[in-house]
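Colleague: Hello! Could you walk me through this one, step by step?

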Amino acid sequence: MLASILALISSYGYKAIFILITLENIFPPIPCEIILTFGGFLTTITSLQPVGVVIVATLGSYLGSVILYFMGYLIKINILEQILIYFHFKPNSLENSIRWFKQYGKLSIFAGRLIPIIRSIISLPAGITKMNFFCFSFYTLLGTIIWNSILVYLGILLGNNWIKIHKYVKQYALIISILFLIILIIKKTKRKKT
């Protein structure tokens, strides 16, 4: 699969990045870390531009997120759960993400866009709970631009070593998740004191 992804990006550039990132948002097993760091690396040896890669990746991410938002908005929860299980999510993934979303709202959309796997699934509870679409779009785009920019510029910095990013993303995801939880706990503690 990796070889096919790299071949598509090498041959079709921006179009391939847009399509692959759109699909990655709907089917998380496609690794955006690989797509974007390779895209970043290609900007150092081809006519692709870093800003162009970030823009098409952001548009692809947004389109994928909107599709999932409307799936959540229109499809019954039990059917969504079956779809997620088919794509190897844990049976309670959707229920947990809805609970998390209800508790942290807008912040969960922004922060969720910065955490692998959660980046995709966070759009479903936004749709299920009928979150304001413009608010959803704003926080999705904000988080997505940051995430995509980081990965593209890491690909540029790492050059031929861009492939190494994949193993570091898991560590990054864990650190970001822990920091996010600490921030939420501090916020909750402050609320209780007031």
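**Rings, a patch and a helix**

Modeller: Happy to! Tyr139 has a relative accessible area of 23%, so it counts as partly exposed. Please keep in mind that this is a predicted model.

Colleague: Which residue forms an aromatic pair with Tyr139, edge-to-face?

Modeller: A search of the whole structure turns up ten aromatic pairs. In one of them, the centres are 5.1 Å apart and the planes are at 85°. Planes over 60 degrees apart count as edge-to-face. The partner of Tyr139 in this pair is Phe138.

Colleague: Is Phe138 buried, exposed or partly exposed?

Modeller: Its relative accessible area is 49%. Exposed begins over 50% and buried lies under 20%. Therefore Phe138 is partly exposed.

Colleague: Which residue lies over the face of Tyr73?

Modeller: Tyr73 belongs to a cluster linked by ring pairs, along with Tyr69, Phe70, Phe133, Phe134 and Phe136. At 4.5 Å from the ring centre of Tyr73, over its face, lies Lys130.

Colleague: Which helix gives the largest share of the nonpolar patch?

Modeller: The patch is on the surface and is formed by Val51, Ile55, Leu59 and Tyr153, with about 380 Å² of accessible area together. Three of its residues come from one helix, residues 50-74. That helix is H3.

Colleague: And Gly52, is it buried or exposed?

Modeller: Gly52 is in helix H3, as is Val51. Val51 counts as exposed because its relative accessibility is 52%. Gly52 has a relative accessible area of 18%, and the cut-off is under 20%. So Gly52 is buried.

How values were computed: Residues are numbered from 1 along each chain as its sequence is written. This is a predicted model: local features need pLDDT of at least 70, side-chain atom pairs count only at pLDDT 80 or more; totals for chains, interfaces and linings use all residues. Side-chain values use heavy atoms; hydrogens and water are left out. Patches are made of residues with over 30% relative accessible area and no salt bridge: like charges are joined within 9 Å, nonpolar side chains (Val, Leu, Ile, Met, Phe, Trp, Tyr) within 5 Å. Accessible areas come from the Shrake-Rupley method with a 1.4 Å probe; for residues, only the protein chains shown count as cover. A salt bridge is a side-chain nitrogen of Lys or Arg within 4 Å of a carboxyl oxygen of Asp or Glu. Helices (H or I, at least four residues) and strands (E, at least two) are DSSP runs, numbered from the N terminus. Buried means under 20% relative accessible area, exposed over 50%, partly exposed in between (1.4 Å probe, protein chains only). Rings of Phe, Tyr and Trp (its six-membered ring) pair if their centres lie within 6.5 Å; planes under 30 degrees apart count as stacked, over 60 as edge-to-face and the rest as tilted. A charge sits over a ring if NZ of Lys or CZ of Arg is within 6 Å of the ring centre and within 35 degrees of the ring normal.
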